Amino acid sequence: MGPQSKKKIGSFRLTMRFIVPLVIAMTLLAYALLPLVDKLTLHWFTHDLDIRSQLIANTIQEPIGEFLEQGNMARINSLIRRVIKDERLFAMGFCDGKGTLHYSTPKFPKDISCPDPNLPSPEKPSILKLPNGMVHVAVKPVLVAEKPSGYLFLIHDMSFIESRSADTRKYIVLFFVILFLVIAFITVLVAHLSWRGWMSAVRSLLRGESDVKPLTKGSYAELQPLMGDLRSLLRTIDAEKRFADDVTIFWSPDKLRELLRKQLAGEQILVVSNREPYIHMKGKEGIEINRPASGLVTAVEPVMKACSGTWIAHGGGTADREVVDKNDHVNIPPERPKYTLRRIWLSREEEKGYYYGFANEGLWPLCHIAHVRPIFRTSDWQHYVKINQRFADAVVKEANREDPVVLVQDYHFALLPSMLRKILPKSTIITFWHIPWPNPESFGICPWREELLQGMLGSTILGFHTPFHCKNFLETVDRYLETRIEHASSTISHGGNLTLVEAYPISIQWPPPWQDSQPSVAECRAEIRKFLKIDENCLIALGVDRMDYTKGILERLRAVESLLENHPEMVGRFSLVQIGAPTRSILEEYQAFEARVRALTARINQRFASGAYQPVYLKVEHHEPEDVNSYYRAADVCMVTSLHDGMNLVAKEYIASRDDERGVLLLSQFTGAAHELYEALIVNPYHIEQTANALYQALTMPEFEQRERMHSMRLMVRDFNVFRWAGRMLIDASKIRQREKLAARIGAEI
Ligand code: F6P
């Protein structure tokens with residue numbers, strides 16, 4: 001049986017549940033009322049006949065009196081014959097004062113006799129049952145000189161009462177039938193509207209909406225207490241489940257695969273990011289493959305390896321076009337393909353406007369409060385809109401079903417979620433914002449703030465690294481858009497779409513990919529020192545960043561300078577190795593920043609270098625992840641001094657690399673990582689002396705303390721790894737999908 005037939009049967013049953021009791025109630029009421037109505041009509045008509053008899057008696061009393069006085073009985077008879085012509089009068093009779101029936105009309109009943117002259121005259125009329133019906137008998141005295149001198153019988157036919165009574169009964173039954181129909185119609189209508197209202201409320205609740213619109217005013221006001229209970233029950237179940245997951249599940253690629261198999265069985269997973277995970281470049285010896293320095297790629301790649309979907313990204317490498325098939329697909333990782341990369345091509349001009357311009361000169365400084373002014377140009381915005389649409393169209397093309405799970409990455413694609421929602425309304429869109437979200441005032445300077453927010457609210461789930469960024473986002477939406485925000489469940493309703501805003505702290509793969517193949521810590525220490533020509537006893541602090549002004553590299557260098565000034569014993573015994581991955585270097589701001597870093601490095605080296613000793617090693621070049629791992633293992637301290645950072649995965653990578661449980665992490669309080677890695681030395685990078693003191697503390701930290709801190713941070717990174725990050729988002733997505741499916745089923749039932 002199809003859903004439509006089920007729906008019809010459901011409605012019929014529902015209707016019958018109202019109608020049957022109504023029919024019974026109406027029938028009982030009608031049966032109780034009919035005898036009452038009979039009695040009442042009899043009473044009314046008898047009363048009418050009383051009055052009528054009195055009226056006739058009064059009218060003919062005078063002439064009869066006169067005829068009596070004259071002794072002219074013939075005139076009395078003739079008067080009665082005239083009166084009897086009234087169709088209601090059945091019979092009449094006249095008795096003289098001695099009790100003799102003097103005259104009677106033909107139908108006068110035989111068993112009626114004249115009143116006894118010795119008894120008081122009867123006053124009350126009576127009802128007599130004759131073989132062919134009932135009659136109303138009134139006896140009226142005729143007065144002559146104020147004395148009763150005879151009696152007039154006025155007998156009315158009552159058969160008309162019965163026919164009127166039958167008519168009344170008929171009308172009453174008709175009235176009840178109409179009343180029944182009207183009540184039934186209104187009841188069914190109200191019940192239907194209420195039912196739809198309740199169902200729509202329950203469906204909205206299942207979808208996770210918190211503020212549900214009634215169909216008619218107050219149509220489910222009575223459901224409100226129940227809604228509250230249901231809502232808190234769902235929240236409790238969610239919270240308990242999440243807590244149980246957090247405590248008991250160890251997240252690994254296998255666990256993620258199991259989740260996909262069990263909860264998202266057969267669902268298609270698509271990832272969208274600007275940066276591609278593998279870049280094919282033309283090198284001297286043919287095509288080379290580069291891995292970009294990108295936290296995003298570090299996090300998403302292991303997830304894609306686990307779930308084998310399609311990753312859509314900008315093909316920016318010089319040899320990228322050479323390796324794709326006719327659909328712009330290439331299977332990766334090259335050595336052991338696990339998923340598909342779909343490349344999107346951009347012209348130079350498009351890349352300049354969308355990526356360098358709007359994304360990196362506009363949104364990047366807007367969201368990182370790092371004292372670099374955002375630049376907004378209309379032409380950049382136009383490119384941003386166009387490229388978002390191009391990626392959205394590519395998602396649609398890659399989707400092999402109407403409801404794929406799409407993981408949209410980062411600030412390059414703020415508009416894509418709502419563009420996609422329009423074309424694939426049933427898709428589950430998980431947008432993750434890898435950079436911080438600023439306060440409403442800071443965000444408000446963007447000329448296209450409303451468009452960006454509306455675009456993001458096409459997402460099913462919108463993830464940030466920290467609850468603080470979520471709070472900033474909710475406040476920003478509250479400030480600039482007309483939406484319904486439910487803070488308790490952290491959801492935003494906008495344009496018929498519901499978005500869950502949640503914190504999912506990103507992380508790295510655990511165990512690290514080179515766990516089994518990497519050289520020992522001792523080998524790495526020796527190798528790196530040898531490579532850099534650093535004395536083997538020299539302590540090394542390491543910085544690994546893209547050459548970005550948000551990373552606090554200048555502040556880090558100043559802290560090193562301050563340390564060497566205040567602790568001269570460290571000169572010759574300590575060096576900073578700063579790896580700077582080239583990034584966005586066509587932008588002036590980045591060129592100027594790199595120049596400042598180089599100048600400051602040169603100044604510090606000039607001040608403190610002696611012989612073979614060099615305090616700062618600045619290496620602005622691309623490093624493969626395995627090489628960076630060797631640096632991590634060689635370093636005594638890792639310095640992460642970002643002025644503002646969504647998470648910062650360098651901090652977690654450093655911890656993951658230290659299976660010897662040695663080394664100290666110095667971490668900026670303005671990173672998302674500082675909300676998780678409490679055993680790091682937390683610093684305010686703007687405070688140069690404080691950072692220098694922390695660096696000194698790190699360089700001189702006893703081994704047992706290093707072990708304690710590192711051990712605890714490793715447990716944290718192990719348990720809260722990138723598979724948990726993706727797993728928690730996908731679990732939330734699967735819950736939402738289940739609820740939506742249930743809501744759709746309920747929709748089909750009503
Ligand atoms: O932090 C945001 C982010 O997208 C990171 O994921 C990544 O580290 C960095 O920016 C990469 O920037 P780009 O792709 O511009 O080189």
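Two strands pair if DSSP finds at least two bridges between them. Strands (E, at least two residues) and helices (H or I, at least four) are DSSP runs, numbered from the N terminus. This is a predicted model: local features need pLDDT of at least 70, side-chain atom pairs count only at pLDDT 80 or more, and totals for chains, interfaces and linings use all residues. Residues are numbered from 1 along each chain as its sequence is written, and side-chain values use heavy atoms, with hydrogens and water left out.

**View 1. An open sheet of five strands.** The strand order is 2-1-5-4-3, and the pairing is antiparallel. Strand 2 (101-104) and strand 3 (126-130) are the edge strands; each pairs on one side only. From one strand to the next, the twist averages 25 degrees.

**View 2. Strand 1 beside strand 2.** Strand 1 (residues 89-96) and strand 2 run antiparallel, joined by three bridges. Look for Cys-95: its bridge partner in strand 2 is Leu-101.

**View 3. Helix 2 across the strands.** Helix 2 (residues 73-83) lies across strand 1, strand 2 and strand 5 (147-157). The helix runs at about 165 degrees to strand 1. Axes are lines fitted to C-alpha atoms, for helices over the stretch in contact (heavy atoms within 4.5 Å). Angles run from 0 to 180 degrees between N-to-C directions.

**View 4. The domains of the chain.** The domain assignment gives domain 1 (3-164), domain 2 (266-503) and domain 3 (521-720). Such bounds come from an automatic or database assignment. The C-alpha centres of domain 1 and domain 2 lie 95 Å apart.

**View 5. Strand 19, buried on both faces.** Eight of the eight residues of strand 19 (residues 574-581) are buried, so this strand is largely enclosed by the rest of the structure. Buried means under 20% relative accessible area, with a 1.4 Å probe and protein chains only; exposed is over 50%, and partly exposed lies in between. In a regular strand the side chains alternate between the two faces of the sheet. Phe-574, Leu-576, Gln-578 and Gly-580 are on one side of strand 19. Ser-575, Val-577, Ile-579 and Ala-581 are on the other.

**View 6. Strand 19 and its parallel pairing with strand 18.** Strand 18 (residues 539-546) and strand 19 pair over eight bridges. Asp-545 stands opposite Gly-580. The chain crosses between these strands through helix 15 (residues 553-566), in a right-handed β-α-β crossover. Right-handed means that, with the strands pointing away from the viewer, the path from the first strand over the helix to the second runs clockwise.
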